Amino acid sequence: MTLRIVPATLRDLSYIAANLRPEDRAEIDCQLDHWSPALLALTALQGFAYVAELDGNPEAGFGAAEQRGGLWIAWSWGTRRMRRCVPGISQFFHATLGPQVAARGAWRVEARALAANELALRWLGRLGATQRCLLPGYGRNGEDFFLYDWTREGWNHVSVSKTTGTEAAAADADRRGQGCAGAGSCAAG
């Protein structure tokens with residue numbers, strides 16, 4: 001299976017958004033009042049946006065966008081095959097996306113994840129994010145979220161080897177090779 005990380009396009013992100021895995025759909029549904037795959041894709045094209053392709057098919061979108069000077073929001077979401085992309089996304093995050101965001105003067109990068117999305121919470125930890133707090137009732141229907149962040153002081157201390165082991169194990173544990181390894185609201189910002 002060939003994995004490629006490529007710059008995101010509206011077409012690829014729209015396809016992914018139209019075929020979201022249930023965990024990502026749940027996170028997006030409880031954060032946005034009205035959304036469509038095209039609107040989600042268009043919003044995701046702000047800042048840095050990438051797509052992970054498996055054998056040429058777009059399976060996951062991820063990136064980071066500046067909210068104000070120095071504050072960025074990281075996001076990711078994908079199809080049921082996203083789990084197979086997670087090791088490559090993790091490596092790209094450390095090798096490319098993190099340095100790109102840092103070069104733009106980021107002091108803080110935040111991500112939010114639905115508290116019930118255990119795989120997203122674990123992935124954020126493996127990516128070196130710090131769990132800062134519970135956000136009770138953050139979702140529009142009262143769903144709880146966790147706030148994670150990376151700060152300039154801390155993001156250079158996480159090795160790529162730390163992030164890739166668990167994602168590879170998670171992919172092996174997924175009997176169908178599909179499923180839930182995304183950083184959910186890292187997924188929806």
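**A walk through the fold**

Proline 99 is partly exposed, with a relative accessible area of 39%. This residue sits in helix H4. Leaving out residues up to four places away in sequence, proline 99 touches Phe93 and His94. These values, like all that follow, come from a predicted model. Proline 99 is a starting point on H4, and H4 leads on to the sheet.

First, the overall layout. The chain has 189 residues, and 51% of them count as buried. Its secondary structure comes to 6 helices and 7 strands. Along the sequence these elements follow the pattern β-α-α-α-β-β-β-α-β-α-β-β-α. Contacts reach far along the chain. Among those between residues at least 6 apart in sequence, 73% join residues at least 24 apart.

Now the sheet. Its 7 strands stand in the order E1-E2-E3-E4-E5-E7-E6. The sheet is open, and the pairing is mixed. Which strands stand at the edges? They are E1, residues 3-7, and E6, residues 130-135. Each has a single partner strand, so one side of each is left without a neighbour in the sheet. On average, neighbouring strands are turned by 25 degrees against each other, direction ignored.

Strands in a sheet pair through backbone hydrogen bonds, in either the parallel or the antiparallel sense. This sheet offers an example of each sense. E6 and E7 (residues 145-151) are antiparallel, with 5 bridges. Here, glutamine 131 has tyrosine 148 of E7 as its bridge partner. E4 and E5 pair in the parallel sense, over 3 bridges. In that pairing, tryptophan 72 stands opposite valine 109 in E5. Is E5 open to the surroundings or enclosed? Of its 7 residues, 6 are buried, so E5 is largely enclosed by the rest of the structure.

Back to H4. This helix spans residues 86-103 and lies across E1, E2, E3, E4, E5 and E7. H4 runs at about 160 degrees to E2, which covers residues 48-54. Cysteine 85 is buried, with a relative accessible area of 0%. Cysteine 30 is also buried, at 3%. A disulfide is a covalent bond between the sulfur atoms of two cysteines. The structure holds 0 of them.

Aromatic rings come next. A search of the whole structure finds 7 aromatic pairs. One of them joins phenylalanine 93 and tryptophan 150. Their ring centres are 5.2 Å apart, and the planes make an angle of 45 degrees, which is a tilted arrangement. Phenylalanine 93 lies in helix H4 and tryptophan 150 in strand E7, so the pair ties together parts that are 57 residues apart in sequence. Both partners are hidden from solvent probes by the usual cut-off of under 20%. Phenylalanine 93 is buried at a relative accessible area of 14%, and tryptophan 150 is buried at 3%. Phenylalanine 93 is also one of the residues that proline 99 touches. Elsewhere, ring pairs link Tyr50, Phe62 and Phe92 into a cluster.

Turn to the helices between E1 and E2. Aspartate 12 is found in helix H1. Is aspartate 12 buried or exposed? At 7% relative accessibility, this residue counts as buried. What does aspartate 12 contact beyond its neighbours within four places in sequence? The answer is Val51, Glu53 and Pro58.

In an α-helix there are 3.6 residues a turn, so residues three or four places apart point the same way. That geometry is a useful guide to H2 and H3. In H2, the buried residues are Asp24, Glu27 and Ile28. Seen down the helix axis, they fall within an arc of 95 degrees, so they line one face of H2. The buried residues of H2 pack against H3, E4, E5 and E7.

H3 covers residues 37-44, and its buried residues are Leu40, Ala41 and Ala44. Around the axis they cover an arc of only 100 degrees, which puts them on the same side of H3. Their packing partners are H1 (10-18), H2 (22-29), E2 and E4. H2 thus appears among the partners of H3, and H3 among the partners of H2. E4 is listed for H2 and for H3.

How values were computed. Residues are numbered from 1 along each chain as its sequence is written. This is a predicted model: local features need pLDDT of at least 70, side-chain atom pairs count only at pLDDT 80 or more; totals for chains, interfaces and linings use all residues. Side-chain values use heavy atoms; hydrogens and water are left out. Two strands pair if DSSP finds at least two bridges between them. Helices (H or I, at least four residues) and strands (E, at least two) are DSSP runs, numbered from the N terminus. Axes are lines fitted to C-alpha atoms, for helices over the stretch in contact, and angles run from 0 to 180 degrees between N-to-C directions. Contact means heavy atoms within 4.5 Å. Buried means under 20% relative accessible area, exposed over 50%, partly exposed in between (1.4 Å probe, protein chains only). The arc is that of the directions from the helix axis to the C-beta atoms. A disulfide is a pair of cysteine sulfur atoms within 2.5 Å. Rings of Phe, Tyr and Trp (its six-membered ring) pair if their centres lie within 6.5 Å; planes under 30 degrees apart count as stacked, over 60 as edge-to-face and the rest as tilted.
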